[in-house]
Amino acid sequence: MSMKVLKFGGTSIENSSRIRNILGIIRKAMRDSSVIVVVSAIRKVTDLLLESAVAASKGDAAGYKSMLDDIERLHSGLVHDLIDASRTQEIETYLQVELTELGDVLHGVCLLRELSEKSSALIMSFGERFSARIISGFLRQEGVDASYVDARSMIVTDSNHCDARVDVKASAELVKAWFKDDGGVPVVTGYIGAAPDGTATTLGRGGSDYTATIIGSILGADEIQIWTDVDGFFSADPKRVKDAYALPFISYGEAMELSHSGAKVLHPYSVHPAMKAGIPIRIRNSFNPDAEGTRIGRPKKSDAGIERPVTGLSSITNVVLLNISGSGMVGVPGIASRLFSCLARHMINIIFISQASSEQSISLVINLSQAEKARKILEKEFAAEIVSRQIETLTLRKHIAMIAVVGNNMSGHPGVSAHLFETLGKNGINVIAVAQGANEMNISFVIDSHDEDKALNCTHESFFLSRRKVHVFIAGTGTIAKSLIGQIRDHSITLRKEKDLDVVVGGMANTRMMALNDDGIELEKWESCLKPRDDGKAVGDYVERIRSRNLHNTIFVDCTASGEVAESYPELLASNISVVTANKLGMAGSWKLYETIRDAQRSSNARFLYETNVGAGLPIISTLNDLRNSGDKIMKIEGVLSGTLSYIFNELRKGGKFSEVVRRAREAGYTEPDPREDLSGADFARKFLILGRELGYRLDYEDIECESLVPEALMGEMSAEGFMEELSCVDADYESKTRKAAESGMTIAYAGEISEGKARIGVKMLPLSSPVAGLNGTENMVVFTTDRYLDTPLVVKGPGAGGEVTAGGVFADILRIASYLI
C-alpha cells in the first residue's frame, strides 16, 4: 500500500472548524494510502510562547502569566469545541500537566532573568505538543485510529537548540523502528527534535515542513503533502505582486533556491531529504482542497508548457549588508576562509555572498538580529588588519532587501541578466550587490528595501510572468484629459490582447479634486471617483503622493496649461518617473527651467516626451529629431502652427472680411473665448520657440519675432464682445493685402520661419505653389528644408489642434514609453 505524509500548518488548524476540515482531507488520503500526519502549533501559539519567554526573562511575571492564560484558553476552547464531554478528561488532564510544566519553566526563567537557548527551545516545543495531542484525540473520536507521537523520540539533532541540524542517520534508525508496524494514523509533532542528551531542540521557524520530509524520505513515502493556506508555490509573493500565480510544477532545485531566498511556503531545508529520496512534495491549500497545488519534483512530460527562463521570484526584506574591504586583502590567502570560519563558529547565518574579482571587498547579507554580533566578532577577528589598514572598512548597511530571480531554464539562456538589470535600471532601482551561482539557476541582488515591491513587480512583468503594465497619473481633467481617458478605456482590450499591456490610470487631479487608486481608477465613472481636496495643497502634494507610491513603470501625464505643473518635471524625472506632456510651459518656459528639465532628463533613466507641444498629434518633434540624429542638416523650418490662424487665413483667401471670419471661427469653437489670445500669436510663438530649441539654438520667448494680429488700439482693457465689435477697423487693411497678393499671383498667410538662429512669425506673401497655400480648414503644416530634402522639402501636414487629436498624440507618447520600459 502506498504511503503519504500530510503536514498541516498553523493556519490549517487555527480553530475547530479548520480542524474539522482537515479530517476530510485525511479521510480522503486514507482511501488509497497509509497516512502519517505532521502538525505545526496552532496559529499564533508559537509567537505567544516566544513572547512569554521574553517577558519572563525580563522579570515580567504578570506579563508571562497573562500570555500563559491566553495559551490555556485557546487550547481548552478547542478541546471543548471538538471533543465530546465524555472524552475530554484525558486530554484536559494532559494539557494541565503540560501547562504546569510550561509554567514552571517560565517561572525559572523569570527568577534567573536569563533565557538560554536550551530553555527557549523547551518552551517553544509546547505548541506542537498541544496541537498534536488535541488533533489525535479528535481523530480517534471521529473513528480514525490515530495516535500521538512526540518527535523528540525519533528526530535526533545537534545541540544547537534553537536552530538545530538533524542527524539523519541516527534519526532514520529511530523513525524506522517507530513506524515498523503499519496501521493507524500517527499524529507527529512537527518542528521539534531532541539533542543527544535528550533535551528539546527546534528546527527553526517553519520546521514542521522539515519534519515531514525527513520522515517521508526515511520511510520511502510516495508523496509528501504540505497543507497550508495558499494554492501552492507562487511566481512571487502574492501580497507584494498582485499578478503572481500558483505554479503547477517546480523542480527540487528551484524550490530550494526560492525557499532559501525568502519564499515562506516551505522550510528551506525541507526539499533536500525529499530530493535525495526522489519523493515528490506537493504544496496544497487546506481551504481549497480541490486545487491541485504545486508539485515539487522531477519533471514529467505532463509538466511541459511555455518554457520561460524565469520560474519565480522571492525576497528577504529588512536584512543587513555587511561589507569588508581594503586594498590589503588583494592576493592575501586566507582572508575569506577566516571570515567565513569566524561567522560559522558563532552560528551567524550567511544569506548572500558577493566578492569582487580584485579580492578587494567581500559583501555578505545576514539577518538583522545577528548584524551587531557579526560586526563585533569580525572587528575582533581582524583587529590587526584593521589597525594596519590592510582592511579599511567593515560596515553594516541596513534597510536593504535581497531578491532572487530563479529558474532552471536560465542556464544557457543568453540575455537574462542583461534584461533583468535593464529593467531595474529603467525603473531607477539601484543594485547594491549581485551574486550568481555557476549553475545559473539563481541571480540574487541587493537593493534598498524601499524599492523591493517596485523591483519585484517590474521584474515579474519583464519576464512575462504576468501582464505588463504602466501606471499613469494624469494632471488636469479638461478636454484633452477627458479625451485621453476615453481613448485608454476604449483601447484597453486591444492593448491587452495584442500587446499584453495594461495602461492603469492610478491617479487624476486638478486644482480642486483628486482621485488615487494603485489598482486603477474605474474609467467608466472616473469623474465620480474625484474627491474634493480639502487640504488646500496643489501640484506639489499630488507629485509627492505619486513619488511616495514608488510604483514601477510610472508615467506622469500633464494635460494642463499650468506653469506650476511644468516646474515639477525635474523632480519627477529625478525620481525616475517618466513624463508625457501636452503643456508647452515646460519646453517653452524660461531658459533656466528648460535647462533644468534637460539636465534632469539626462541624469535619469526616465523618458520625457512632448510631441503634442508643437503639432498636437502630428509627428513634428520626432521628425525633426530623426533628421538631426541621422546626420541631416536642417537649414530652415517654415510652417503654420496654429489651427485657429490657419482657418482664418484659409477663409480670407475665399473672400470675406477679417472680422467676419474671426467671428465665424469663434462661433465654431476654433478660438479661445477671447480671440485676442489666438490673434496675439503667443501660442504659435511658443511652438516655434520649442522647435528653435530643438535645433540647438539658445532662445527665450522674447527672441521670437512675432507679429500680433490684435490692433494696437484694441489691446487695452476691453471685453471680448467689445473687441469683436471694434475688430472691423482692420478689415480694409486685410482686403488690401489680399488684393495685392492676388495681383502678384500670390496669397497671404500667417506663417513662421526658423533659420540661422532666428525665428520670425507674421503675415507673409507666399507663392501659390507654396505648400502653405494649399492648407484647408484648421490644418497645420511644417516644412523642413534640409541637405537631403533641399529641392523637395519634407512636409508634415494634418490637424494640429483639437482634444481628440491632441489626446491621441499624448496616448501615443504613453505607449512609446511603455515600449521602452517593458
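A residue counts as buried when its relative accessible area is under 20%, as exposed when over 50%, and as partly exposed in between, with a 1.4 Å probe and protein chains only. The model is predicted, so that local features need pLDDT (the predictor's confidence in each residue, from 0 to 100) of at least 70, side-chain atom pairs count only at pLDDT 80 or more, and totals for chains, interfaces and linings use all residues. Residues are numbered from 1 along each chain as its sequence is written, and side-chain values use heavy atoms, with hydrogens and water left out.

**Exercise 1.** Determine which residues of helix α18 are buried, and what covers them.

*Solution.* Helices (H or I, at least four residues) and strands (E, at least two) are DSSP runs, numbered from the N terminus. Within α18, residues 539-549, the buried positions are Val539, Asp541, Tyr542, Val543 and Ile546. Their cover, by contact (heavy atoms within 4.5 Å), includes strands β17, β18, β19 and β21 together with helices α19 and α20. Just after the helix, Asn550 adopts a positive phi of about 55 degrees.

**Exercise 2.** Work out the strand order of the open six-stranded sheet, and explain why β25 and β29 each have one side without a neighbour.

*Solution.* The order is β25-β27-β26-β24-β28-β29, with mixed pairing, where two strands pair if DSSP finds at least two bridges between them. Because β25 (704-706) and β29 (794-799) stand at the edges with a single partner strand each, one side of each has no neighbour in the sheet. Strands β28 and β29 pair in the antiparallel sense over six bridges, and Asn780 has Gly798 in β29 as its bridge partner.
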